Structures are given as structure tokens and as C-alpha cells.
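Welcome, and take a moment to look over the sequence and the model. The short report that follows walks through a few places worth finding.

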Amino acid sequence: MRFVTLLKLAALPGLPALAACAGAAPAGEPEPERLFSMLALDVVSVEQGDLSCYVEAASGEVWQADFDACDPAIAGTRQIARVEQRPVQSAACEGDPDCALTEMAALIVQFTPRAQR
């Protein structure tokens, strides 16, 4: 099993080009761009972790996913995953819920079922 850690979504091999969409900005500041990519996955398992949920694909890759997107019922299904850069609690926190350190990570933030073969 290979764990996927990505700093830039642009570095994802074999994925479609990144798209940008507007996000909310404080009053008077320009709108930031939120980069995202779509990924087709055959989901093998979904497990809760300290920093995020972990989704294992049939390819052997393990992706981090936002807790709100995780549903154990998607195990064994084919999904389209939306991947975005999001802040997560830093690994330096070692699971301490009171730690405020964060780092950016590529997270699956949404799953959409895709057609069965």
C-alpha cells in the first residue's frame, strides 16, 4: 500500500488539468482561487484517522479525505472524488486536539457515485 501525500495538486500524475473556482474572501479583498481536481476511484476501504479520514483505492493508493466527506458505506463502490488543498491539523500536533498548528494537504472533500461497469 502506498500513501499519497501531495503539496501541489498540479503534481498529480494522470489527472485532468486543475480548475479554479471562486471562494469567499473578506470584505474589500480580492476573491482567492480554489484549485481542485477530480479523481476516479474504486474505493476499497474508508478509515477514520487523527488528522483526516483515509480512503484506500483499488490501485493501492491511500488518499486523505475530509471527515465530512467520509462514509464507510462507499467502500466497494466506484466514486468520483473532488480533491482540494485544505488546512489540516499538523502532524507535529501528534493528535492533540488542543494544538492549533495546521498544514496544507490535498484532501478529498466530496464523493459522487460513478457508473458501474
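## A salt-bridge network

R78 counts as buried, since its relative accessibility is 13% (buried means under 20% relative accessible area, exposed over 50%, and partly exposed in between, with a 1.4 Å probe and protein chains only). This is a predicted model, in which local features need pLDDT of at least 70 and side-chain atom pairs count only at pLDDT 80 or more, while totals for chains, interfaces and linings use all residues. Residues are numbered from 1 along each chain as its sequence is written, and side-chain values use heavy atoms, with hydrogens and water left out.

What does R78 pair with? Its partner is D42, in a salt bridge whose closest N and O atoms are 3.2 Å apart (a salt bridge is a side-chain nitrogen of Lys or Arg within 4 Å of a carboxyl oxygen of Asp or Glu). This pair links distant parts of the chain, 36 residues apart: D42 sits in strand β3 (residues 33-48) and R78 in strand β6 (residues 78-89). Helices (H or I, at least four residues) and strands (E, at least two) are DSSP runs, numbered from the N terminus. D42 also meets R114 in a salt bridge, at 2.7 Å from N to O. Here the partners are 72 residues apart, with R114 in the segment after β7. D42, R78 and R114 are thus linked in a network of salt bridges. D42 is partly exposed at 24% relative accessibility, and R114 is partly exposed at 21%.

## One more charged pair

Searching the whole structure gives four salt bridges. Another of them joins R86 to E84, with the closest N and O atoms 2.8 Å apart. R86 is partly exposed at 22% relative accessibility, whereas E84 is buried at 3%.

## Around L107

Both R86 and E84 turn up again among the contacts of L107, a residue of strand β7 (residues 102-113). Is L107 buried or exposed? L107 is buried, with a relative accessible area of 3%. Leaving aside neighbours within four places in sequence, its contacts (heavy atoms within 4.5 Å) also include S52, Q64, A65 and V83. V83 is 24 residues from L107 in sequence, yet their C-alpha atoms are 5.3 Å apart in space.

## A covered strand and its hairpin

Q64 and A65 bring us to strand β5 (residues 61-65), which is mostly covered: five of its five residues are buried. In a regular strand the side chains alternate between the two faces of the sheet. In β5, E61, W63 and A65 point one way, and V62 and Q64 the other.

Strand β4 (residues 53-57) runs antiparallel to β5, and four bridges join the two (strands pair if DSSP finds at least two bridges between them). One bridge matches E56 with V62 in β5. Together β4 and β5 form a hairpin with three residues between them, and G60 in the turn has a positive phi of about 100°.

## Two disulfides

How many disulfides are there? The count is two, taking a disulfide as a pair of cysteine sulfur atoms within 2.5 Å. C53 is joined to C70, with 1.9 Å from S to S. The pair is 17 residues apart and links C53 in β4 with C70 in the loop between β5 and β6. C53 is buried, at 0% relative accessible area, and C70 is buried at 13%.

The other disulfide joins C93 to C99, also with S to S at 1.9 Å. This link is left-handed, at -55° about the S-S bond, and the C53 and C70 link is left-handed at -120°. With the bonded cysteines numbered in sequence order, the pairing reads 1-2, 3-4.
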